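Me: I am new to this structure, and I would like to understand how each label attached to it is justified. Could we go through the reasoning step by step?

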Amino acid sequence: MPPRPTPAPSLFAETPASTPSRPQNPKPQNDWINAHCDGGARGNPGPSGYGALIQDDEGNVLAELSEFLGMRTNNYAEYSGLLGCLQYALDHHHPCLRVVSDSELMVKQIQGKYQVKSPDLKPLYEEAKRRIAKLEGFEITHALRHKNKDADRLANEAMDRGMRRTPATGSSTSPSTPPPKATPYPTKSEAPPNPYAKADTMLRGFTKDGVVHILGGATLPNGVFVKIIRE
């Protein structure tokens, strides 16, 4: 696999270029490049990053993109991966781009099947559409996560870099456990245990002449009331 190229492209272009008209005839296969992209956040929001594997139409690896994004949401990271792929295609003069993502929300929003209601995602969506308009050909499809492993790995590498902590001075211990994997689609968390739940403890004894006698040599804690049960 070739070494990684220069750092990941900027999410927003500095100077917008004019939008070329799209040709009526489809472009030849060798004009297309293919990108698998993924984004995730450890928490929502939380430390986030995106990754992308870009190949030519024969399967040769052209680039690996991997960028830490700071404290962002999962969907922000997914869109950032798409923007990185689009900017790579534009910077390297590839006229046609196919994108595969495991974010069904983003894919259907770009395809026009879902509306973009989030105010945080609208600028990313609009920037993606601007970059798409500069290409001569563009396709985007959804794939299940297990078919997007390389992009997921690169996204996790980005988050690992961003979350890495330097051991304290003089400490000879190495980091214990690796950071957790990204969870683009967090599962429902379990309810915390009831903080008021207490163990049900029963002391046995008897009363004689109005005095409570506890069996087994135990004593009653201060503030404890005795309930006498007659059998």
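Me: Which residues of H3 are the buried ones, and what makes a residue count as buried?

Reply: In this predicted model, the buried residues of H3 are Leu124, Glu127, Ala128, Arg131 and Ile132. The word buried is used for a relative accessible area under 20%, so each of these residues falls below that cut-off.

Me: How do you know where on the helix these buried residues of H3 lie?

Reply: Looking down the axis of H3, one finds its buried residues within an arc of 140°, and therefore they line one face of the helix. The cover over the buried residues of H3 includes helix H1 (74-91), helix H2 (104-110) and strand E5 (137-142).

Me: What makes the end-to-end distance of H3 agree with that of a helix?

Reply: H3 has 12 residues, 122-133, and at 1.5 Å a residue they should span 16 Å; the C-alpha atoms at its ends are 17 Å apart, which agrees.

Me: How does the span of H1 compare with what is expected?

Reply: For the 18 residues of H1, the expected span at 1.5 Å a residue is 26 Å, and the end C-alpha atoms are 26 Å apart, so the two agree.

Me: Why is H1 called mostly covered?

Reply: Of the 18 residues of H1, 15 are buried, which means that each of those 15 has a relative accessible area under 20%. Just after H1, histidine 93 takes a positive phi of about 60°.

Me: Why is alanine 89 called buried, and which residues does alanine 89 touch?

Reply: Alanine 89, which has its place in helix H1, counts as buried because its relative accessibility is 0%, and the cut-off is under 20%. Leaving aside residues up to four places away in sequence, alanine 89 touches Ile33, His94, Leu97 and Leu135. Although alanine 89 and leucine 135 are 46 residues apart along the chain, their C-alpha atoms are separated by 8.3 Å.

Me: What makes a group of residues a nonpolar core, and which elements supply the largest one?

Reply: Such a core consists of buried nonpolar residues joined through side-chain atoms within 4.5 Å. The largest one has 31 residues, and those with the most contacts inside it are Leu82, Leu86, Leu97, Ile110, Phe138 and Ile140. At least two residues of this core come from each of strand E1 (32-41), strand E2 (46-56), strand E3 (61-72), H1, strand E4 (96-101), H2, H3 and E5. The element that gives the most is H1, with nine residues. Leucine 86, for its part, touches Leu97, Ala128, Arg131, Ile132, Leu135 and Phe138, again not counting residues up to four places away in sequence.

Me: How do you know how many disulfides the structure holds?

Reply: The structure holds zero disulfides. Cysteine 37 is in none, and the nearest cysteine sulfur, that of cysteine 85, is 4.6 Å away. A disulfide would need the two sulfur atoms within 2.5 Å, so 4.6 Å is too far for a bond between cysteine 85 and cysteine 37.

Me: Are cysteine 37 and cysteine 85 buried or exposed?

Reply: Cysteine 37 counts as buried because its relative accessibility is 0%, and cysteine 85 is buried as well, with a relative accessible area of 0%.

Terms used: Residues are numbered from 1 along each chain as its sequence is written. This is a predicted model: local features need pLDDT of at least 70, side-chain atom pairs count only at pLDDT 80 or more; totals for chains, interfaces and linings use all residues. Side-chain values use heavy atoms; hydrogens and water are left out. Helices (H or I, at least four residues) and strands (E, at least two) are DSSP runs, numbered from the N terminus. The expected span of a helix is 1.5 Å times one less than its number of residues. Buried means under 20% relative accessible area, exposed over 50%, partly exposed in between (1.4 Å probe, protein chains only). The arc is that of the directions from the helix axis to the C-beta atoms. Contact means heavy atoms within 4.5 Å.
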